[in-house]
Amino acid sequence: NRLLDTRTRTTKLAPTAYFDAHLLTSIAELLQAKTSSAIAHARRAAEVAPLSTSARLHLAHCLEATGQLEEAIEVLKTLLTYAHDPEGIGFGYYRMAFFQWRVHNYATASACYQYALRFLPGAMFLISTEMRILAIREPHFSIEELTDEQIRRTLAGTQIPIAPTPEVSEVFMEGTRASLDAELFSVAKSFMTNLGIMTKDDIYYDMLRSIESEPDR
């Protein structure tokens, strides 16, 4: 949670059961159409675990149920700002595509779908099918393949973060340096592996290959 550290607050630990209780209660309340209570518990879960993908996605779902689409989009923007694993990034853009379609930002929805596929290759059939259905229903929705620059320009045009963000990458780099200094090479490799998967940058893969398995003696 250091990404959200303001250096003026005291970070307190909460048991996982406390987070789980709020999230599960929110899900149960939403199933019973008790949307106000569901949103309250979902907000608390996101507050306790601000970097939790599941908490942010569920909060966005609760807001969707009450028609608060713009606030749901802001929740997903926060998720993408701090997303730190491929699945979290992929699902963040997948859900963002849906909400952009709901507010009639069709170009942005297409860009989100295509960017999500870079992190969720296993969802190719699902996402491609959804895009084809939307193209049939919405004449302004295009399934034309976009370049990297077109995707970035489209996302930036609607203030959607391009994950992984510089803040996340910097924390991963600091974690790698700290792990190497402590001679925890498996941890350093884990940082570099995830950073390489998220960014698709060959530089990080080169750095990964350069990390030794054990310290020199």
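Before I start, a word on classes: in what follows, Ala, Val, Leu, Ile, Met, Phe, Trp, Tyr, Cys and Pro count as nonpolar, Asp, Glu, Lys and Arg count as charged, and the others, Gly among them, count as polar. Please also keep in mind throughout that what we have here is a predicted model.

Let me begin with the overall fold. The protein has 11 helices and zero strands, so that, by the definition of these elements, reading along the sequence gives nothing but one α after another, in the pattern α-α-α-α-α-α-α-α-α-α-α. Of its 217 residues, 42% count as buried, and the accessible surface comes to about 12200 Å², of which 56% belongs to carbon and sulfur atoms. If we take the contacts between residues at least 6 apart in sequence, 59% of them join residues that are at least 24 apart.

Now to the inside of the protein, where the count comes to one cavity of 30 Å³ or more. About 60 Å³ of space lies in this largest cavity, and the residues that line it are Pro50, Leu51, Ser52, Thr53, Arg56, Thr78, Leu79, Tyr82 and Ala83. Two elements give two or more residues to that lining, namely helix 3 (53-65) and helix 4 (69-82), with the largest share, three residues, coming from helix 4. Sorted by the classes I gave at the start, the lining has five nonpolar, three polar and one charged residues.

Helix 4 deserves a moment of its own. With 14 residues, helix 4 reaches 20 Å from its first C-alpha to its last, which is close to the 20 Å expected at 1.5 Å a residue. Which residues of helix 4 are buried? They are Leu69, Ala72, Ile73, Val75, Leu76, Lys77, Leu79, Leu80 and Thr81. When you look at that list, it helps to recall that an α-helix has 3.6 residues a turn, so residues three or four places apart point the same way. Leu79 is worth marking on your copy, as it is buried in helix 4 and also lines the largest cavity.

Finally, I turn to a pocket. The second largest pocket has a volume of about 180 Å³, and of the 11 residues that line it, the closest to its centre are Tyr115, Arg118, Arg152, Met198 and Thr199. Helix 8 (148-157) and helix 10 (185-199) are the elements that give two or more residues to this lining. By class, the lining of this pocket divides into six nonpolar, one polar and four charged residues.

Key:
Residues are numbered from 1 along each chain as its sequence is written. This is a predicted model: local features need pLDDT of at least 70, side-chain atom pairs count only at pLDDT 80 or more; totals for chains, interfaces and linings use all residues. Side-chain values use heavy atoms; hydrogens and water are left out. Helices (H or I, at least four residues) and strands (E, at least two) are DSSP runs, numbered from the N terminus. Buried means under 20% relative accessible area, exposed over 50%, partly exposed in between (1.4 Å probe, protein chains only). Contact means heavy atoms within 4.5 Å. Accessible areas come from the Shrake-Rupley method with a 1.4 Å probe; for residues, only the protein chains shown count as cover. On a 1 Å grid over the protein atoms alone, a cavity is a set of points where a 1.4 Å probe fits but cannot get out, and a pocket is an open set with protein on both sides within 12 Å along at least five of seven lines; lining residues have an atom within 4 Å of a point. Grid points are joined across faces, edges and corners, and a volume is the space filled by probe spheres set on the points. The expected span of a helix is 1.5 Å times one less than its number of residues.
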